[in-house]
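These are my notebook entries on one protein model, written down in the order in which I looked things up. I begin with the whole and then go on to single parts.

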Amino acid sequence: MKVAEAMHPGADWIAPDTPLSQIAERMRQEDIGALPVGENDRLIGMVTDRDVVLRGFDGQSDLLQLTARDVMSEPIIYCHANEDLEDAVTIMESKRIRRLPVIDANHRMVGMLSLGDVAARASTSILAQALRAVSAHHT
C-alpha cells in the first residue's frame with residue numbers, strides 16, 4: 001500500500017508568525033493534534049499539541065506573544081505520497097513521531113499521515129510496527 005492510499009488528504013500549513021492562540025483554536029475546531037509550518041513555499045517545522053504545552057507553558061514566555069516559530073519542532077520530517085506505507089511507518093518509528101506531512105513528486109504538501117490513518121488502513125504487520133513506534137518510549 002502506498003502512503004497516498006492511507007493519508008488524510010488536503011492538509012495545509014500555517015505561517016510561522018501565526019499566534020499560539022490561533023493555533024490552539026484551530027486544533028480545537030478541526031480536532032487535530034498537529035499543524036505543519038510553512039514559509040516561502042517550504043515546510044519548515046511542525047507544531048503539535050505537545051509542542052504547545054511543553055514549549056508554550058515553559059514559564060518563561062508570555063503566551064499571548066508566542067507564535068508557531070516559537071514552539072514548533074524542526075527540522076520537518078515528512079514522507080512521500082508514492083512511497084510504501086511501511087517505509088513511512090519506519091520513519092515514524094525511528095523518529096518516534098505520530099504524524100507526517102506527505103509531499104508529492106513536485107514537493108507540494110498533499111496530506112498528512114497519522115498513526116490513526118495507519119491503524120484504519122494498514123495490514124496488521126504494519127500496524128504492529130506503528131504501535132511499537134508509539135509505545136517505544138514507554139518501555
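**Entry 1: the whole protein**

What percentage of the 139 residues in the protein do buried residues make up? I found that buried residues make up 40% of them, and I note at once that this is a predicted model. For the overall build I looked up the secondary structure, which comes to seven helices and six strands, and along the sequence these follow the pattern α-β-α-β-β-α-α-β-α-β-β-α-α.

I then looked up the dimensions, and the C-alpha trace spans about 45 × 40 × 25 Å along its principal axes. The radius of gyration is 15 Å, which agrees with the value near 14 Å that a compact globule of 139 residues would have. The accessible surface comes to about 8100 Å², and carbon and sulfur atoms hold 49% of that area. As for contacts with a separation of 6 or more, residues 24 or more positions apart account for 55% of them.

**Entry 2: helix α2**

I turned next to helix α2, which runs over residues 20–30 and has Leu20, Ile23, Arg26 and Met27 as its buried residues. Why do I say that these buried residues line one face of the helix? Seen down the axis of α2, they fall within an arc of 125°, so they share one face. On the other side of α2 I found Ser21, Arg28 and Gln29, which are exposed.

I also asked what covers the buried residues of α2. The cover includes the strands β2 (34–39) and β3 (42–48), together with the helices α3 (49–56) and α4 (68–71). Just after α2, I noted that Asp31 takes a positive phi of about 50°.

**Entry 3: salt bridges**

Side chains of opposite charge can pair when their charged atoms come close, and I therefore looked for such pairs. A search of the whole structure finds eight salt bridges, and I wrote down three of the pairs in detail.

In one of them the side chains of Glu25 and Arg28 meet, at 2.6 Å from N to O. Both residues lie in helix α2, three residues apart, which is about one turn of the helix. Glu25 counts as partly exposed at 31% relative accessibility, whereas Arg28 is exposed, with a relative accessible area of 57%.

In another, Glu30 meets Arg26 in a salt bridge of 2.9 Å, N to O. This pair is four residues apart in helix α2, so about one helical turn separates Glu30 from Arg26. Glu30 is partly exposed, with a relative accessible area of 42%, while Arg26 is one of the buried residues of α2.

What does the salt bridge between Arg108 and Asp41, at 2.8 Å from N to O, tie together? Arg108 lies in the loop between β5 (99–103) and β6 (109–114), and Asp41 in the loop between β2 and β3, so the pair ties together parts that are 67 residues apart in sequence. Arg108 counts as partly exposed at 41% relative accessibility, and Asp41 is partly exposed as well, with a relative accessible area of 45%. I added that Asp12, Arg26 and Glu30 are joined into one network by salt bridges that share partners.

**Entry 4: the nonpolar cores**

In soluble globular proteins, nonpolar side chains tend to be buried together. Which residues of the largest nonpolar core touch the most other members? Of its 17 residues, these are Val3, Cys79, Leu85, Val102, Leu113 and Val118. At least two residues of this core come from each of α1 (3–6), α5 (85–95), β5, α6 (115–121) and α7 (124–135), and α5 gives the most, with four residues.

I followed Val102 a little further and listed what it touches, leaving out residues up to four places away in sequence. Its contacts include Val3, Met7, Cys79, His80 and Ala81, and also Arg108 and Leu113. Apart from this core lies another, of 13 residues, among them Ile14, Leu35, Leu66 and Met72.

**Entry 5: Ser125**

Last, I looked up Ser125, whose place is in helix α7. Is Ser125 buried or exposed? It counts as exposed, because its relative accessibility is 51% and exposed means over 50%. The C-alpha atoms of Ser125 and Glu86 are separated by 9.1 Å, although the two residues are 39 residues apart along the chain.

Conventions
Residues numbered from 1 in each chain as written. Predicted model: local features only at pLDDT ≥ 70, side-chain atom pairs only at ≥ 80, totals over all residues. Heavy atoms only, no water. Buried < 20%, exposed > 50% of the residue type's maximum accessible area, 1.4 Å probe, protein only. Arc of directions from axis to C-beta. Contact = heavy atoms within 4.5 Å. Salt bridge = Lys/Arg side-chain N within 4 Å of Asp/Glu carboxyl O. Core = buried A, V, L, I, M, F, W, Y, C linked by side-chain atoms within 4.5 Å. Rg over C-alpha atoms; globule rule 2.2 N^0.38 Å. Areas by Shrake-Rupley, 256 points an atom, 1.4 Å probe, with all protein chains shown as cover.
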